[in-house]
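Visitor: I would like to go through this model with you and ask, term by term, what justifies each description. Could we begin as soon as the structure is on the screen?

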Amino acid sequence: MGAMTIMLPAPRLLAEGFTMVESARWHDGRLWFAHWGSGEVAAVDMDGRSEVVAPGRTSMGWAIDWLPDGRLLVSGEELTRIEPDGSVVRHSSQGGNELVVDPAGHVYLDGADFDFIGGGAPEPGWIRLINADGTAHDVAGDIDFPNGMVIT
């Protein structure tokens, strides 16, 4: 019996005109991302319709993910949460760069404490677990600039 060939659709452009797109996530039938160029969270559907869905950060170095109940989290100088009515509240005073949430609602932030934007010399980074009450503790350290976390 010969090898099976799988034909994938050709890639196509969904949308354009974005600047510094980060933290892309597929959620509720759309591609969501941190649009660093505008400081907004945006989503694009498969027909190319884009929408600003939440405020982001005006600085570089932030990401998005969702709690199991569907509320959106935005990392940055602090960790914020977008409530169902659209209001933005502090989830934790702990800030960070990349963000990932596991199915049980454990929030992990990563970062490194050096001035990346200002050209500072890289220093080892960390991963912190944010508890449901907003407190944080390190779960990994001495990492060479952690970025792009996933949970498998």
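Visitor: What stands opposite alanine 43, and in which strand?

Guide: Alanine 43 stands opposite glutamate 51 in β4, and further along the strands valine 41 stands opposite alanine 54 in β4. This is a predicted model, in which local features need pLDDT of at least 70 and side-chain atom pairs count only at pLDDT 80 or more, whereas totals for chains, interfaces and linings use all residues. Residues are numbered from 1 along each chain as its sequence is written, and side-chain values use heavy atoms, with hydrogens and water left out.

Visitor: What makes β3 and β4 a pair of strands?

Guide: Strands are DSSP runs of E with at least two residues, helices are runs of H or I with at least four, and both are numbered from the N terminus. Two strands pair if DSSP finds at least two bridges between them; β3 and strand β4 (residues 50-55) have five bridges and run in the antiparallel sense, and they therefore meet the definition of a pair. Their hairpin has five residues between the strands, and within this hairpin glycine 48 takes a positive phi near 90 degrees.

Visitor: How many bridges join β2 to β3, and in which sense do the strands run?

Guide: Five bridges join β2 to β3, and the two strands run antiparallel. Histidine 35 stands opposite glutamate 40 in β3, and the hairpin of β2 and β3 has four residues between the strands, with glycine 39 at a positive phi near 70 degrees.

Visitor: Why is strand β3 called largely enclosed?

Guide: A residue is buried under 20% relative accessible area, exposed over 50% and partly exposed in between, with a 1.4 Å probe and protein chains only. Four of the five residues of strand β3 (residues 40-44) are buried, so the strand is largely enclosed by the rest of the structure.

Visitor: Why are β1 and β4 called edge strands?

Guide: Four strands form an open sheet in the order β1-β2-β3-β4, with antiparallel pairing. β1 and β4 each have a single partner strand, so one side of each is left without a neighbour in the sheet. The twist averages 25 degrees from one strand to the next, where axes are lines fitted to C-alpha atoms (for helices over the stretch in contact) and angles run from 0 to 180 degrees between N-to-C directions.

Visitor: What is notable about the phi of serine 23 and of aspartate 28?

Guide: Most residues other than glycine have a negative phi. Serine 23, however, has a positive phi of about 55 degrees although it is not a glycine, and aspartate 28 also has a positive value, near 50 degrees. Serine 23 lies in strand β1 (residues 21-27), whereas aspartate 28 is found in the loop between β1 and β2 (30-35).

Visitor: How do you know whether serine 23 and aspartate 28 are buried or exposed?

Guide: Serine 23 has 8% relative accessibility and therefore counts as buried, while aspartate 28 has a relative accessible area of 67% and is therefore exposed.

Visitor: What makes histidine 91 count as it does, buried or exposed?

Guide: Histidine 91, found in strand β8 (residues 88-92), has 13% relative accessibility and so counts as buried. Contact means heavy atoms within 4.5 Å; leaving aside neighbours within four places in sequence, histidine 91 is in contact with Leu67, Leu73, Leu79, Thr80, Arg81, Val107, Ile130 and Gly134.

Visitor: How do you know which strands stand at the edges of the sheet that contains β9?

Guide: That open sheet has four strands in the order β9-β10-β11-β12, with antiparallel pairing. The edge strands are β9 (99-101) and β12 (136-143), each of which pairs on one side only, and the twist averages 20 degrees from one strand to the next. Strand β11 (residues 125-130) and β12 pair over six bridges in the antiparallel sense, with tryptophan 126 opposite glycine 141 in β12.

Visitor: What can be said of the protein as a whole, in helices, strands and buried residues?

Guide: The protein has zero helices and 12 strands, and of its 152 residues 39% count as buried. The C-alpha atoms fill a box of roughly 50 × 45 × 35 Å, taken along the principal axes.
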